[in-house]
Amino acid sequence: MLAVLMYHDVVHGGGKYANDPEVLRAHLEYVRRNHPVVLPGDPLTSGELSACLTFDDAHVGFFHFVYPMLREMGLRAMVAVSTNFILEDTAVPMEQRLGTSSRNGREGAHFQDTACFCTWKELREMQAGGVVEVACHSAGHVDLTRSGIDLEREIHGAGRKIAEHLETFPQTFVFPLGRVNPSVARVTKRFYPYCMRIGGALNRGWRNPGGLIYRLQGDGLQDERGPLRDLWKPRLRYYWNTLRLR
């Protein structure tokens, strides 16, 4: 079985869509001790619950806080990028970058002044470090199910933009806002072998019925276990025994 965990920002004190760095550190240590940690497409360990760590939006807190933790613990994680908001490089001081809400940073051209998302230079460094895989999170972080959306640009065009900067077309697409419908899913599956949405469910593997991978909420952690707390164990046994009989 596979649990894909979804996180967003990392800020001191945490928040609804963020985690405090020290709480996140304890959580990652817990995951490392108790679960095989994988990236999309990696083999899963038979009879165990594997965990995949995913961070949406490429907040600069990922580079500043999470990337050093991953290197220290020998873990790997995926970061999902919305290409419209990524600068090549920046001279804005890190303290100032960390102090800007990434959600506010998407408004207008504000992100160019605050650099509150990772830069392409930082993404290249993390990719080269071997512990971070970059996924596509669309171009403009919009609801792809709305009418009038240019799906080719938002889905395939954003992937091409990532490939231009990182020399690798991403293998995973993360639906912005977690929203997807059958037509959006069909377009996405043409270009990406792995497609991720929001949903409180475990996965039987990387190839679920319907082709979508569900992710558990990992923001606002209250303890080291987070969404992998004991209440999942009975559910895991149920899923495991049910699927084994099919």
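# A guided tour of the predicted model

Begin by selecting A58, which is placed in the loop between strand 4 and helix 2. The structure on the screen is a predicted model. In this loop, A58 has a positive phi of about 60 degrees although it is not a glycine. A58 counts as buried, because its relative accessibility is 0% and buried means under 20%.

A second residue of this kind can be selected at H141. H141 is found in the loop between strand 6 (132-136) and helix 7. Its phi is near 55 degrees, a positive value in a residue other than glycine. H141 is buried, with a relative accessible area of 14%.

## The whole chain

Now display the protein as a cartoon. How many helices and strands does the secondary structure of the protein come to? There are 9 helices and 9 strands. Of the 246 residues in the protein, 54% are buried. Among contacts between residues at least 6 apart in sequence, 65% join residues at least 24 apart.

## Helix 1

Select residues 21-34, which form helix 1. This helix has 14 residues. From its first C-alpha to its last it reaches 20 Å, close to the 20 Å expected at 1.5 Å a residue. Next, colour the buried residues of helix 1: P21, L24, H27, L28, Y30 and V31. What do the buried residues of helix 1 pack against? Their partners are strand 1 (2-7), strand 2 (9-10), strand 3 (18-19), strand 4 (50-56) and helix 2. In an α-helix there are 3.6 residues a turn, so residues three or four places apart point the same way.

## Salt bridges

The structure holds 11 salt bridges, and three of them are visited here. Side chains of opposite charge can pair when their charged atoms come close.

For the first stop, show the side chains of R25 and E72, which form a salt bridge with their closest N and O atoms 3.0 Å apart. This pair links distant parts of the chain: R25 is in helix 1 and E72 in helix 2 (residues 60-73), 47 residues apart. R25 is partly exposed, with a relative accessible area of 25%, whereas E72 is exposed, with a relative accessible area of 54%.

For the second stop, show K121 and D89. They form a salt bridge whose closest N and O atoms are 3.7 Å apart. K121 lies in helix 6 and D89 in the loop between strand 5 (77-81) and helix 3 (94-98), so the pair ties together parts that are 32 residues apart in sequence. K121 counts as partly exposed at 48% relative accessibility. D89 is also partly exposed, with a relative accessible area of 43%.

For the third stop, show E122 and R97, a salt bridge with its closest N and O atoms 2.8 Å apart. Here E122 in helix 6 is linked with R97 in helix 3, a distant part of the chain 25 residues apart. Are E122 and R97 buried or exposed? Both are buried.

## Helix 6 against helix 7

Select residues 120-128 and residues 151-166 together, which are helix 6 and helix 7. These two helices pack at an angle of about 75 degrees, with their axes 10 Å apart. Helix 6 is therefore roughly perpendicular to helix 7. Show the side chains at the contact: W120, L123, R124 and Q127 in helix 6 meet K161, I162, H165 and L166 in helix 7. By class, this contact has 4 nonpolar, 2 polar and 2 charged residues.

Then add T83, which lies in the loop between strand 5 and helix 3. T83 is buried, with a relative accessible area of 5%. Not counting residues up to four places away in sequence, T83 touches W120, S138, A139, A158, K161 and I162.

## Helix 8

The last selection is helix 8 (residues 182-191), where R186 is found. R186 is exposed, with a relative accessible area of 55%. The C-alpha atoms of R186 and G211 are separated by 9.7 Å, and the two residues are 25 residues apart along the chain.

S183 is also placed in helix 8. At 33% relative accessibility, S183 counts as partly exposed. Draw a distance from the C-alpha atom of S183 to that of T145: these atoms are separated by 8.4 Å, while the residues are 38 residues apart along the chain.

Note on methods:
Residues numbered from 1 in each chain as written. Predicted model: local features only at pLDDT ≥ 70, side-chain atom pairs only at ≥ 80, totals over all residues. Heavy atoms only, no water. Axes fitted to C-alpha atoms, helices over the stretch in contact; angles between N-to-C directions. Helix = DSSP H or I, 4+ residues; strand = E, 2+ residues; numbered from the N terminus. Parallel < 35°, antiparallel > 145°, perpendicular 65-115°, else oblique. Contact = heavy atoms within 4.5 Å. Nonpolar A, V, L, I, M, F, W, Y, C, P; charged D, E, K, R; others polar. Salt bridge = Lys/Arg side-chain N within 4 Å of Asp/Glu carboxyl O. Buried < 20%, exposed > 50% of the residue type's maximum accessible area, 1.4 Å probe, protein only. Expected span 1.5 Å × (residues − 1).
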